[in-house]
Amino acid sequence: MTRIDFDKYEEFYAKRTGAMRSSVMRDLMAVTAMPDVISLAGGMPNTSSFPAKTLDKITHEIAMHGAAAALQYGPTEGFDETKENIIEVMAEENTLVERENIIVTTGGQQGIDLVTRILVNPGDTVIAEAPTYPGAIPSFCSFEADVIQVPLDDDGLRMDLFKEVLGKLLKAGTKPKFIYVIPDFHNPAGVCLSFERRQELVALAKEHQLIIVEDNPYGQLRFEGEALPTLYSLDDDDNVIYLSTFSKILSPGIRLGWIVAPAPLLAKFNLGKQAADLCPSTFAQKIVNRYFEQARWQDYVDTVRDIYHKRRDAMLTALDEYFPEEAIWTHPQGGFYIWVTLPDYINTTDLLALAVEEEKVAFVPGAGGWVDGSGANHMRLAFCGVPEDKIEEGIKRLAKVIREQMVLYRALQGE
Amino acid sequence: MSKKKIAVLKGGRSLEREISLKSGARVEKALKALGYSVDVIDVDVRMVKRLKEIKPDAAFIAMHGRSGEDGTVQELLDILGIPYTGSNVLPSIRCMDKVLTKHILVADGIPTPRFYAFNRDAFQELGATDTLPIIGEELGYPIVVKPAAQGSALGIRFAHEESELPAALISAFSFDNKVLLEKYIKGKELAVSILGREPRALPIVEVRPKTDFFDFESRYTLGKADYIVPAELSPEVAADIESLSLKVFESLGCSGFGRVDILMDESDGLQVLEINTIPGFTETSLLPMAAQATGIGFNELVEEILLCAMEGQ
């Protein structure tokens with residue numbers, strides 16, 4: 001008898017590899033990426049609005065005057081100039097940070113990976129929102145974290161439920177390794193953590209000596225309403241690790257993000273980064289450094305913010321017009337995403353197949369935001385990457401397939 | 001003599017596009033290694049134009065699911081007079097639709113799990129919902145709910161009681177306008193690949209999910225199931241299964257190659273589930289695995305499938 005494994009290397013894989021998984025979205029990527037599909041799926045920043053002349057000038061200057069350094073290895077924690085750029089960005093959020101507390105990472109994603117790598121042993125508890133950023137789940141899972149998810153509402157993480165979960169854990173002698181939150185324009189839910197809850201969360205962290213991981217890639221993209229203080233700025237007890245990125249304010253292709261953290265943690269992140277990739281791209285950093293030197297980075301953020309604002313409005317208008325009244329959705333004041341909740345008999349992973357095949361429109365099924373795959377009746381709609389007319393058309397098509405499911409459901413109920 | 005020109009058709013719009021792109025890439029590589037002149041077409045509205053320009057000696061269809069496996073592409077190739085791999089239009093239509101397949105099997109006296117089938121209209125316009133209690137009694141729970149269009153494990157759900165049927169039906173209807181409710185049979189899952197101008201069965205593969213049977217993600221995720229080839233069966237039982245598979249292949253009118261999926265229940269009773277007319281050609285597909293088990297390498301497999309098509313003309 002021969003037992004054939006599809007993969008002859010299977011016996012070599014580490015146990016944690018078994019916890020890594022691909023998402024439904026990845027599997028359907030080949031179809032959703034067809035040019036005639038209106039994709040409300042990917043959170044793609046609008047890179048086409050970046051001024052080509054600026055990029056041309058900067059890269060030319062680097063080639064002519066700074067090629068040697070730009071092509072060389074650099075410090076693991078990133079160039080001082082890059083850290084200065086980061087300080088400038090964070091000052092815009094009224095968050096004051098020191099160079100010594102910054103490490104430049106390869107995209108914001110590496111920040112999540114490093115924090116988990118350094119803090120989590122297999123079986124350790126991590127608390128996250130329900131839903132959470134779908135891209136964080138593979139990081140948590142690959143380090144075999146036990147992820148407990150606490151529901152959020154229009155004001156972000158439900159503090160009543162969070163305290164309940166935390167209380168039970170502490171009573172059982174289990175201290176979570178960290179609490180991962182996206183306070184501004186949550187991915188995928190689109191909501192912000194309210195000011196009161198921010199204060200309460202930071203106070204709880206101080207009281208119980210917990211670590212909060214604040215992931216804030218969308219903080220600069222507020223279209224309306226009052227800016228809220230970062231958790232990092234509210235914390236006076238060194239309990240917050242702050243993660244962000246240049247992806248949404250400049251370019252995701254640049255692959256540069258950062259971690260701000262208390263010195264002891266930062267030293268460990270530095271060791272983790274050495275092991276992972278030695279240093280962030282020096283070439284990419286030089287581009288960012290020159291860009292910050294020569295242009296007002298805020299101008300570009302203003303440009304894209306304006307684009308996203310119009311697109312959000314278009315999506316909200318279309319949702320009002322076309323979606324059935326049984327559906328509810330969030331009204332984000334910034335960021336990239338609207339989160340839709342459908343009747344609980346609709347499974348959005350299946351709905352995606354119908355939407356792509358019949359109506360040529362795609363979105364992200366809600367289940368991706370849960371480690372255990374629950375939340376199947378939700379969907380994430382990204383308004384960032386598609387012009388207004390296509391948004392309207394996409395929502396119209398999506399509404400059609402949702403209504404089809406509803407008509408069928410009523411028939412199945414004998415109505 | 002100049003090299004034979006082969007068009008590899010891959011991709012298309014089906015939900016299995018990804019698998020098809022992988023199948024196509026492997027077939028392309030094999031054909032080039034075999035010395036053919038290869039043109040690859042990622043199928044879209046320009047397909048017919050491209051085929052008319054290329055004028056290939058034959059087309060190798062490396063597409064799965066809608067359009068590629070349901071007779072559509074086959075019909076177009078017939079019109080263009082281009083020989084193609086695998087089954088013709090009619091068997092493609094029959095096998096793509098599990099309901100049609102099962103009716104033909106039943107008519108030919110071939111065992112297949114008991115089933116009922118509906119389209120959307122039956123529920124929305126004819127009150128089929130009121131038959132669900134009867135179906136529940138007839139089939140017993142759990143009931144397997146499947147979209148009729150085969151080619152993907154997506155959309156297959158289990159209803160453990162009547163209250164779970166609506167959600168399972170809505171899921172299945174997301175993938176096709178026709179669904180079937182099938183009696184659940186506990187047993188070994190066997191895949192029998194068929195190959196050749198004179199069809200022969202390749203070694204039987206047993207698919208043994210490492211986790212719960214109901215976990216479909218596991219069944220179709222790399223490394224989440226064991227594949228045992230040849231399956232551990234007595235020579236008599238194996239011979240029965242092979243001859244049943246060949247009978248199924250013939251009964252549906254298939255040609256060239258294909259794969260018959262069979263369940264063997266606890267008392268060794270055999271039940272035919274479905275037939276794939278274009279099973280995958282990826283590194284992890286069952287057909288190449290079965291071929292390998294009898295010493296037929298991938299290139300050889302691809303060439304035999306191609307020659308069936310060219311000699312068939």
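Is B:R120 buried or exposed? I looked this up before anything else, and the answer is that B:R120 is buried, because its relative accessible area is 9%, which falls under the 20% limit for that class. I note here that the model is predicted, so I treat each value below as computed from that model.

**Entry: a salt bridge between the chains**

I then asked which residue B:R120 pairs with, and I found a salt bridge to A:E404, with the closest N and O atoms 4.0 Å apart. A:E404 lies in helix α14 of chain A and B:R120 in helix α6 (residues 120-124) of chain B, so this pair joins two chains. I also checked A:E404 for exposure and recorded it as partly exposed, since its relative accessible area is 22%.

**Entry: helix α14 of chain A against chain B**

Since A:E404 sits in α14 of chain A, I looked at what else that helix meets. Two packed helices are described by the angle between their axes and the distance between the axes. For helix α14 (residues 388-412) of chain A and helix α8 (residues 165-173) of chain B, I noted that the axes come within 10 Å and cross at roughly 145°. The crossing of α14(A) past α8(B) is right-handed. I listed the residues in contact as A:Q405, A:L408, A:Y409 and A:L412 from α14(A), and B:P166, B:L169, B:I170 and B:F173 from α8(B).

**Entry: salt bridges inside each chain**

How many salt bridges does the structure hold over all chains? I read off 37, and I followed some of them in detail.

In chain A, the side chains of A:E84 and A:R99 meet in a salt bridge, at 2.7 Å from N to O. I placed A:E84 in helix α4 (residues 80-91) and A:R99 in the loop between α4 and β3 (102-105), 15 residues apart, so that the pair links distant parts of the chain. A:E84 counts as partly exposed because its relative accessible area is 33%, and A:R99 is likewise recorded as partly exposed, at 31%.

In chain B, I looked up B:R208 and found it in a salt bridge with B:E232, the closest N and O atoms being 2.8 Å apart. B:R208 belongs to strand β10 (residues 205-209) and B:E232 to the loop between β11 (225-228) and α10 (235-251), so the pair ties together parts that are 24 residues apart in sequence. I recorded B:R208 as partly exposed, with a relative accessible area of 28%, and B:E232 as partly exposed at 39%. I also noted a network, in which salt bridges that share partners join A:D36, A:K360 and B:R13.

**Entry: backbone geometry**

I next went through peptide bonds and phi angles. The bond that joins A:N187 and A:P188 is cis, with omega about 10°, and I located A:P188 in the loop between β7 (178-181) and α8 (195-208) of chain A. In chain B, the peptide bond from B:V229 to B:P230 is cis as well, with omega near -5°. B:P230 is found in the loop between β11 and α10 of chain B, the loop in which I had placed B:E232.

Which residue has a positive phi of about 55° although it is not a glycine? I found this to be A:N94, which lies in the loop between α4 and β3 of chain A, where I had also placed A:R99. A:N94 counts as exposed because its relative accessibility is 63%. In chain B, I noted a positive phi near 75° at B:S67, again a residue other than glycine. B:S67 lies in the loop between β3 (58-62) and α3 of chain B and is partly exposed, with a relative accessible area of 33%.

**Entry: a nonpolar surface patch**

I finally looked up a nonpolar patch on the surface, which is made by A:Y9, A:F12 and A:Y13 and covers about 380 Å². I took A:Y13 as the residue to follow, and its place is in the loop between β1 (3-4) and α1 (24-32) of chain A. At 43% relative accessibility, I recorded A:Y13 as partly exposed, so it meets the requirement of over 30% that applies to residues in a patch.

Terms used. Residues numbered from 1 in each chain as written. Chains lettered and ligands numbered in written order. Predicted model: local features only at pLDDT ≥ 70, side-chain atom pairs only at ≥ 80, totals over all residues. Heavy atoms only, no water. Patch = residues over 30% accessible without salt bridge, like charges linked within 9 Å, V, L, I, M, F, W, Y side chains within 5 Å. Areas by Shrake-Rupley, 256 points an atom, 1.4 Å probe, with all protein chains shown as cover. Helix = DSSP H or I, 4+ residues; strand = E, 2+ residues; numbered from the N terminus. Buried < 20%, exposed > 50% of the residue type's maximum accessible area, 1.4 Å probe, protein only. Axes fitted to C-alpha atoms, helices over the stretch in contact; angles between N-to-C directions. Left-handed = near helix turned anticlockwise from the far one by under 90°. Contact = heavy atoms within 4.5 Å.
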